[in-house]
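Trainee: I would like to go through this model with you, one question at a time. Could we begin once it is on the screen?

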There are 2 protein chains.
Amino acid sequence: MSANKKGGEWMELDDRKLKILQAIIKTYLDTGEPVGSRTISKYTDLNLSSATIRNEMSDLEEMGYIIQPHTSAGRIPSDKGYRLYVDTLMESKEQEVTDMRNDLIEKADRLENLLQQVAKLLAMNTNYTSMVTKPRYNSYVVKFLQLSEIEQDKLLLVIVLNDNVVKNRIINCDISMDNEVVLKLNIVLNTFLQGLGIEAINIGLIQQLKDQVGEYSDIVSTILDEIARAIKEEGEPEIYTSGATNILKYPELSDKEKASELLYTFEEKKLLKELITDKFSDEENRGIQVYIGNETPIESMKDCSLVTATYELKEGVYGKVGIIGPKRMDYEKVVKTLQNLMTQLDDIFKNKEE
Amino acid sequence: MSANKKGGEWMELDDRKLKILQAIIKTYLDTGEPVGSRTISKYTDLNLSSATIRNEMSDLEEMGYIIQPHTSAGRIPSDKGYRLYVDTLMESKEQEVTDMRNDLIEKADRLENLLQQVAKLLAMNTNYTSMVTKPRYNSYVVKFLQLSEIEQDKLLLVIVLNDNVVKNRIINCDISMDNEVVLKLNIVLNTFLQGLGIEAINIGLIQQLKDQVGEYSDIVSTILDEIARAIKEEGEPEIYTSGATNILKYPELSDKEKASELLYTFEEKKLLKELITDKFSDEENRGIQVYIGNETPIESMKDCSLVTATYELKEGVYGKVGIIGPKRMDYEKVVKTLQNLMTQLDDIFKNKEE
DNA sequence: TGTTAGCACTCATTTTGGAAGAGTGCTAAT
DNA sequence: ATTAGCACTCTTCCAAAATGAGTGCTAACA
């Protein structure tokens, strides 16, 4: 028994076992079929007979790194096996990395488009499913408000939140207002509300504000409502996905039952949003994370793996991107692609700043 | 041979044949399995032996209304058969119609949300896939522009198009501008551009405008660009879909090949957009339309039917909704649901107007 | 003591050959 | 014109047999 609990359990494995395990997983990632002792005996550089391999495999199975789907089938990696592989065995093979920057900058002028593009590129590059979250602050704050009359009894309310998030609302009002009133309202609203977040807009403040505007308190009421709603709306998580149909390419996921559940998860997005808000909001999970099988908290993904990364839009504003594929996904490639994407996104966002 | 070419070809069918065909299609809609002569002989009120039915079926097949998947299987309707059924044989059975209004009004405050909701409700109610297009004018026109300084060298440009479509752009400018300049720019922009569409913003006008603003012509240039882009963007078709995974519920569509293609079509949406802009933009197709099998111009939908309807957002602004399902979809229900939805949407939009 | 060849055994998959069943087309009788 | 009857054609279902991949174990070997 090894002495260390965390990060070193695999000390129980000698070098040869590690190599064999690695060979098994690699082969399985390729083929998706249970791999037998004979295959490995030919595959590896350590010249061993299939019989020896069998013995080792038997051990590895006992230790929980591989699984036999049924007697007299080859072995497939268990979640524990994958975990070990991802943590220590994976060797970054060099591979050309697609430069996505050009594709990206060109098409997208708005953040939403950009993120959707990112998702699409990821899906196309990896042949898995991708998801990208829209970054959001923990708390939004009113930066600037502007009211303008655009029709007889219709006001346009422009709400600018921090980070220059802009929201528009059309407000119907019964009383017609002349220019002066609108001007006054603008001043009052801005002096009262600038810099405030949703929690600061409370009854006391509302009353104060209403006192200032006299007969227009109804409209102010509506406006405040809309502001609150806009802030709340912007605080909602938003997710873009792409390549959902890619999962149909992997036989182990594409039987009706599983595929249906998975596709529904991607279409509905509700679960994905929960996933984001729950588990992945921890400040710690910054780098690239791999969740294997049941490590993902979504039931329908129990046969999938999820690789996530965090990008930084600006100082303190983070979003996530994720790749979902079969457990036997090409972890190397996915991790590489994500790393690559992160630096490219950094570039883009930095440049936009200027 | 019948004398009339269009809409009356089925005159070649006598009453009994019609009844039999109707019975075949109805049964097939129910079961999804080829239907045999014996079934019909029991099913119909016209007491005929299976042998007689067989003869009639043989005729119907020769005429192209039904198909035999293989010798000694029952018959299934051909596209031509479905067409006849939808055009003339379908009898509107009474059924409770869900009142979707409440669900709708409650949740949606913005048009996009509303349309997405509509799509979702349709999909849930019918168990098929639904799509809803965002309505759009043929040509947008600038109604109102507003520039405000929200940061040292960042301007917020609010663009209001007709029908109160609002767009925002953030514009970076090198020169810092005082309040007065912004005010002046606002006036100039509005006087020059109000009421103009994209085609009216030509070189001549641009030059005129630039002359007015002197040193700020660079910024004006950017602004005009952004306006043009905004108008163009708003003119792009937009489609919301829901219930794509529903197609997996129908065995005849859910084999990997077909399902994959279909789901991709729904995810990608590009083809759907083309479909909308091409075929369905004709002013004629106002009412409820049914496209069967190859009548839909999308290859992947050749085993599907598509039922579309047009809703009116306001005078002259139309959008489409569509239901996509297997050819043996429950046409009655779908048509009823759509009719119902149309009136409910009318209600909602009328009320919003006030 | 670790490695290997050999062999019996297991179990999933594929193949095969009916047998059953559904449905037709045709013919002859009504 | 309708129908009963029958031979015929297919698909589908099922079970038995063949195949084959892969294992575990044992005995021999270095």
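**The DNA strands, a pocket and a buried strand**

Mentor: The surface near DNA strand C is made up of 4 nonpolar, 12 polar and 4 charged residues, where Ala, Val, Leu, Ile, Met, Phe, Trp, Tyr, Cys and Pro count as nonpolar, Asp, Glu, Lys and Arg as charged, and the others, Gly among them, as polar. This is a predicted model, in which local features need pLDDT of at least 70 and side-chain atom pairs count only at pLDDT 80 or more, while totals for chains, interfaces and linings use all residues. Residues are numbered from 1 along each chain as its sequence is written, chains are lettered from A and ligands numbered from 1 in the order in which they are written, and side-chain values use heavy atoms, with hydrogens and water left out.

Trainee: Which residues come nearest to DNA strand C?

Mentor: A residue is near a strand if one of its heavy atoms lies within 4 Å of it. Sugar and phosphate account for 76% of the atoms of DNA strand C that come within 4 Å of the protein. Of the 20 residues around DNA strand C, those that come nearest are Arg16(A), Thr52(A), Thr71(A), Ser72(A) and Ser37(B).

Trainee: How far is the polar side-chain atom of Arg54(B) from a base nitrogen of DNA strand C?

Mentor: Take the phosphate contacts before it, with a polar contact being a pair of N or O atoms within 3.5 Å; within protein, one must be able to donate a hydrogen and the other to accept it, and residues adjacent in sequence count only if both atoms are side-chain atoms. An N or O atom in the side chain of Arg16(A) is 2.8 Å from a phosphate oxygen of DNA strand C, and for a polar side-chain atom of Thr52(A) the distance to a phosphate oxygen of that strand is 2.7 Å. For Arg54(B), the partner is a base nitrogen of DNA strand C, at 3.0 Å.

Trainee: Which element gives the most to the surface near DNA strand C?

Mentor: Helices (H or I, at least four residues) and strands (E, at least two) are DSSP runs, numbered from the N terminus. At least two residues of this surface are supplied by each of α3 (50–62) of chain A and α3 (50–63) of chain B. With 4 residues, the element that gives the most is α3(A).

Trainee: And for DNA strand D, which element provides the largest share of the surface?

Mentor: DNA strand D is surrounded by 19 residues, the closest being Ser37(A), Arg54(A), Arg16(B), Thr52(B) and Ser72(B), and sugar and phosphate make up 69% of the atoms of this strand that come within 4 Å of the protein. By class, the surface near DNA strand D holds 4 nonpolar, 11 polar and 4 charged residues. The largest share, 4 residues, comes from α3(B).

Trainee: How far is a phosphate oxygen of DNA strand D from an N or O atom in the side chain of Thr52(B)?

Mentor: On chain A, a polar side-chain atom of Arg54(A) lies 3.0 Å from a base nitrogen of DNA strand D, and one of Arg75(A) lies 3.2 Å from a phosphate oxygen of that strand. For Thr52(B), the distance to a phosphate oxygen of DNA strand D is 2.6 Å.

Trainee: Why is strand β10 of chain B described as largely enclosed by the rest of the structure?

Mentor: Buried means under 20% relative accessible area, exposed over 50%, and partly exposed in between (1.4 Å probe, protein chains only). Tyr318(B), which lies in β10 of chain B, is partly exposed at 30%. The strand, residues 317–326, is largely enclosed because the number of its 10 residues that are buried is 9.

Trainee: Which residue of β10(B) is the bridge partner of Glu312(B)?

Mentor: Two strands pair if DSSP finds at least two bridges between them. Strand β9 (residues 304–314) of chain B runs antiparallel to β10(B), joined by 10 bridges, and the two form a hairpin with 2 residues between them, Gly316(B) in the turn having a positive phi of about 85 degrees. Strand β3 (residues 129–133) of chain B is also antiparallel to β10(B), through 4 bridges. The partner of Glu312(B) is Tyr318(B).

Trainee: Is Thr129(A) buried or exposed?

Mentor: Thr129(A) is found in strand β3 (residues 129–133) of chain A, and a polar atom of its side chain lies 3.0 Å from the backbone oxygen of Gly243(A). With a relative accessible area of 1%, Thr129(A) is buried.
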